[in-house]
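Subject: Structure handover

Hello,

Here is the structure for you to look over. My notes on it follow below.

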Amino acid sequence: MVEGGANVINELLNTRYDDSNDFIVDSLIVTIGPTFLGQKGVEVSPASGVKLKDITWWTGCQDSVLCARLNEFHVTV
């Protein structure tokens, strides 16, 4: 488990094991708050597209949480 913001998520979604085609991340838990950060805010936008599966949402009083596993492949966009 790694806790971090958008920059950490982007790096992890682009990182592979040494000498392997496998990505080091196989699942995500992302908390989404009710605030738009504007043009200087951060975004999750990895270099390759990512397809999710087994998606579950939880909605609290203000935040929402996305839980999902990564599909077997990344889609190049």
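R69 counts as partly exposed, because its relative accessibility is 42%, and partly exposed means a value between 20% and 50%. Keep in mind that this is a predicted model. The side chain of R69 meets that of D54 in a salt bridge, with 2.6 Å from N to O. This pair ties together distant parts of the chain. D54 sits in strand β2 and R69 in strand β3, 15 residues apart. How many salt bridges does the structure hold? The count is one.

D54 deserves a second look. Its place is in strand β2. Its phi is positive, at about 50°, although D54 is not a glycine. Most residues other than glycine have a negative phi.

Now the overall layout. The chain has 77 residues, and 21% of them count as buried. Its secondary structure comes to one helix and three strands. Read from the N terminus, the order is α-β-β-β. The C-alpha trace spans about 45 × 30 × 25 Å along its principal axes. The accessible surface is about 6300 Å². Carbon and sulfur atoms account for 51% of that surface.

Contacts across the sequence come next. Take those between residues at least 6 apart in sequence: 53% of them join residues at least 24 apart.

On to the largest pocket. Its volume is about 870 Å³. The lining is made up of 26 residues. Which residues lie nearest the centre of the largest pocket? They are G4, I9, I29, V30 and T31. Both α1 (6-13) and β1 (27-32) supply at least two residues of the lining. Strand β1 gives the most, with six residues.

Two of the residues nearest the pocket centre are G4 and V30. In sequence, G4 and V30 are 26 residues apart. In space, 9.7 Å separates them, C-alpha to C-alpha. G4 belongs to the segment before α1. Is G4 buried, partly exposed or exposed? G4 counts as partly exposed, because its relative accessibility is 42%.

S64 is another residue to find on your screen. It lies in strand β3, which covers residues 64-75. S64 counts as buried, because its relative accessible area is 18% and the cut-off for buried is under 20%. What does S64 touch, leaving aside its neighbours within four places in sequence? Its contacts are V30, T31, I32, W57, W58 and T59. V30 and T31 from that list also appear among the residues nearest the centre of the largest pocket.

Two other contacts of S64, I32 and W57, bring us to the surface. Together with I55, I32 and W57 make a nonpolar surface patch of about 310 Å². W57 lies in strand β2, which runs over residues 49-59.

If you have only a few minutes, try this order:

- Start at the salt bridge between D54 and R69.
- Check the positive phi of D54, about 50°.
- Go to the largest pocket and look at G4, I9, I29, V30 and T31.
- Finish at the patch of I32, I55 and W57.

Best wishes

Methods:
Residues are numbered from 1 along each chain as its sequence is written. This is a predicted model: local features need pLDDT of at least 70, side-chain atom pairs count only at pLDDT 80 or more; totals for chains, interfaces and linings use all residues. Side-chain values use heavy atoms; hydrogens and water are left out. Patches are made of residues with over 30% relative accessible area and no salt bridge: like charges are joined within 9 Å, nonpolar side chains (Val, Leu, Ile, Met, Phe, Trp, Tyr) within 5 Å. Accessible areas come from the Shrake-Rupley method with a 1.4 Å probe; for residues, only the protein chains shown count as cover. A salt bridge is a side-chain nitrogen of Lys or Arg within 4 Å of a carboxyl oxygen of Asp or Glu. Helices (H or I, at least four residues) and strands (E, at least two) are DSSP runs, numbered from the N terminus. Buried means under 20% relative accessible area, exposed over 50%, partly exposed in between (1.4 Å probe, protein chains only). Contact means heavy atoms within 4.5 Å. On a 1 Å grid over the protein atoms alone, a cavity is a set of points where a 1.4 Å probe fits but cannot get out, and a pocket is an open set with protein on both sides within 12 Å along at least five of seven lines; lining residues have an atom within 4 Å of a point. Grid points are joined across faces, edges and corners, and a volume is the space filled by probe spheres set on the points.
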